[in-house]
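Please look through the sequence and the structure shown here before reading on. The report that follows goes from a helix to the strands, and then to some contacts between side chains.

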Amino acid sequence: MQLIIAEKPSLGRAIASALPGRFSQSEGALSSTDITVSWCFGHLLEQAAPEAYDERLKRWRLDDLPIIPSKWKLTPRPKARGQLAILRRLIKSADRVVHAGDPDREGQLLVQETIEYLGWKGPVERLLISDMNTPAVKRAWQALEDNARFQPLYQAALTRSRADWLYGINLTRAWTVTGQQAGIKGVLSIGRVQTPLLGLIVRRDRTIEKFQPVDFYPLWADFATRNGTVRAWWQPGEQHRLDDQGRLLDAAPAQALAVKLPDQPAIIKSVEQKHQRQSAPLPYSLSTLQIDAARRYKMSAQSVLDCAQRLYERHRLITYPRSDCRYLPRDYLKGIDATLQRACQGEDTLKQWHAGIDTTRVSRAFNDKQIGAHHAIAPTGQTPSWQTLSREEQNVYMLVVRNVLAQFYPPFEYRDTRVTLEALEELFMTKGREILQVGWRALFNTPDDDATLPAMTQGDNARVTQCEVQTRQTRPPEPFTDASLINAMTHVARYVTDDTVRATLKETDGLGTEATRASMIETLLTREYVYRQSGAIRATQRGRGLIDALPESLSGPERTALWEQRLSRVREGSDTLTSFLDDMAAELNTLVSAVDAARLDQAMQQAGGEQPTSNGHQKTPARRKKSARRSTSTARKSTGRSTSKGRTKQ
């Protein structure tokens, strides 16, 4: 019997429906004459709690840290025991096993660790599926690979899993116990991703609070030209007091010039025009989908992921959503007319957009060389049953379809014009844009021609009709929202100064992964490190105090870059799991010894900020807010266990 182990039930059912033969349903599996398809539910196993290695580690004590297992153990998740028993029975009857986890690092880990845990010693084949539609699954089935090819990927995933456990368990225990010594109740959770993420939010809040607005003084003048009036802005020279963006910080020169300008003659010094062509934005990765849905529909990152997952698994309307890629395979173009026609049925806006496509166009989005484990999110070509979709699911689906339809529209074309005028030997500048072809922008928004300038020629005369000096103020950065925070995690290299680290972060996924970023935000909310306020995400007093007390090496994104460098080398075979974890154990000795109760106590007292409850009321400071009995019971829980794919404490 050939046993196929899928990552999740929906994938298992998709595989069975694509394979030849008649499959019958049994508990936890689908079976035909010679093939059985079963599945995991994400991670069926998790890293064992410290007390599984030694009962006395159930109690949190600084003297026991760092905890470094000599022989690592996995334990079944509580709700997974039944499915593990089914897989154990099936694998005993199997003569071939096929690994059908998602084609990424975590997907490789969660199915392979299950196969090894169940004691299978024979060869394993690898089935790589990123689209659950029957034709795609059939093509993947014809291209099975030897799972041995993916051992380096598995080793990298296993290294990441164990390193996250070591990091989260040891540092969470160290700072929680130290916090209790300082009178701070509850668990102080530390993680490789969640703590730098909290650091980003805390530092942004502090920047906003410390921001001192500065006045600046733009001067505009209206110029009457042969074909109409234009408004242009004075360009003060370097002899004036300017900020780093060229804004005038002293009103006197602008005011003095404004007195002289009215009715003065002027000349058009230069007219520069550029014909611009702009291609459609690429199809979505998960992060870019979360960013757009958050901006357009005010959805949280987690709700976007949940909707996309349902559209993929339950409704089968889109391809695998947890993708970090924005390109599609050339193979997707086969039957593209029918695919997109079915995808747009039943919705007037989509049908209108579909009517304008030209499938003979092949955009830069269709590039096999740019695709790794997954391709971009795209419609599968299933006809939507709109009445079964929630409003949020409809919104997310329409965004996905729109970005793929846009690939078959003409480019957006426009002419940019930049005009420099001179009056009283001072330069003024204005810009305009003329839309030549709306193209794909018709699916997003239609820009108007309000900024179109009247026709002007270099050397033409003009005259100043009126002018005004304005008083404006510099503004602080905006607080993070779900959209801007996901964007910051994706492009976290912007927040580091070291060139080497920045380069590494640009080459990797950034902070967290496509699958975990939304859950990391929710984790910070659940642990009351941050709160939402009118769409903004702000740090609480507890979150601020923790970041202030921690060494900078724990609260910055640089560690992610260093880890990813090592994990890449593990995947390439030039580094090893053992070496990585040995180095980490040595570092943990230093980090654990550096915990400081007095510093933590002082940081919490001086942190500022609020500690709001779920109903928005302000709590008392973190160090007095919970009972000692609640703290003791919470502190004894393991804080580093994996709960689902990609959910190990980070």
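A residue is called buried when its relative accessible area is under 20%, exposed when that area is over 50%, and partly exposed in between. With this cut-off in hand, we can turn to helix α9 of this predicted model, in which 10 of the 13 residues are buried, so that the helix is largely enclosed by the rest of the structure.

**The helix α9**

Helix α9 covers residues 301-313, and from its first C-alpha to its last it reaches 18 Å, close to the 18 Å expected at 1.5 Å a residue. The buried residues of this helix are A301, Q302, S303, V304, L305, C307, A308, Q309, L311 and Y312. Against which helices do the buried residues of α9 pack? They pack against α8 (286-297), α12 (391-405), α13 (482-490) and α15 (517-526).

**The protein as a whole**

The protein that surrounds this helix has 21 helices and 19 strands, and its C-alpha atoms fill a box of roughly 95 × 65 × 50 Å, taken along the principal axes. Of its 650 residues, 55% count as buried. Among the contacts between residues at least 6 apart in sequence, 78% join residues that are at least 24 apart.

**Strands and their partners**

Seven strands form an open sheet with mixed pairing, and their order is β2-β3-β4-β1-β7-β8-β9. At the edges of this sheet stand β2 (24-26) and β9 (145-146), each with a single partner strand, so one side of each is left without a neighbour in the sheet. The strand that pairs with β2 is β3 (residues 29-31), which runs antiparallel to β2 and is joined to it by three bridges; here S24 has S31 of β3 as its bridge partner.

Several antiparallel pairs of strands are set side by side in the table below.

| Strands | Bridges | Example of facing residues |
|---|---|---|
| β2 and β3 | three | S24 and S31 |
| β12 and β15 | two | W233 and M429 |
| β14 and β15 | 11 | T420 and M429 |
| β18 and β19 | four | R532 and I537 |

Strand β15 appears in two of these rows, since it pairs with β12 and also with β14. M429 of β15 is the bridge partner of W233, and T420 stands opposite M429 as well. Strands β14 and β15 form a hairpin with two residues between the strands, and in this hairpin L424 takes a positive phi near 50°. Strands β18 and β19 likewise form a hairpin with two residues between them, where S534 in the turn has a positive phi of about 55°.

**Aromatic rings**

A pair of aromatic rings is described by the distance of the centres and the angle of the planes. The structure holds 11 aromatic pairs. In one of them, the rings of F223 and F428 have their centres 5.3 Å apart and their planes at 65°, so the pair is edge-to-face. F223 lies in strand β11 (residues 219-225) and F428 in strand β15 (residues 426-437), so this pair ties together parts that are 205 residues apart in sequence. Both F223 and F428 are buried.

The rings of W440 and F444 also have their centres 5.3 Å apart, with their planes at 90°, so this pair is edge-to-face too. Are W440 and F444 buried or partly exposed? W440 has 6% relative accessibility and therefore counts as buried, whereas F444, at 22% relative accessibility, counts as partly exposed. Together with F412 and Y414, these two residues form one aromatic cluster.

**Charged side chains**

The ring of F150 has charged company from two arginines: R126 lies over its face at 5.6 Å from the ring centre, and the charged end of R149 sits over the ring, 5.1 Å from its centre.

A further charged residue, D243, is found in the loop between β12 (228-234) and α7 (251-260). Because its relative accessibility is 19%, D243 counts as buried. What does the side chain of D243 reach? The side chain of D243 reaches the backbone nitrogen of Q245 at 2.9 Å, and a polar contact of 2.6 Å joins the side chain of D243 to that of R247.

Note on methods
Residues numbered from 1 in each chain as written. Predicted model: local features only at pLDDT ≥ 70, side-chain atom pairs only at ≥ 80, totals over all residues. Heavy atoms only, no water. Expected span 1.5 Å × (residues − 1). Buried < 20%, exposed > 50% of the residue type's maximum accessible area, 1.4 Å probe, protein only. Contact = heavy atoms within 4.5 Å. Phe/Tyr/Trp six-rings, centres within 6.5 Å; stacked < 30°, edge-to-face > 60°. Lys NZ or Arg CZ within 6 Å of the ring centre and 35° of its normal. Polar contact = N/O pair within 3.5 Å; in protein donor to acceptor, adjacent residues only side chain to side chain. Pairing = 2+ DSSP bridges.
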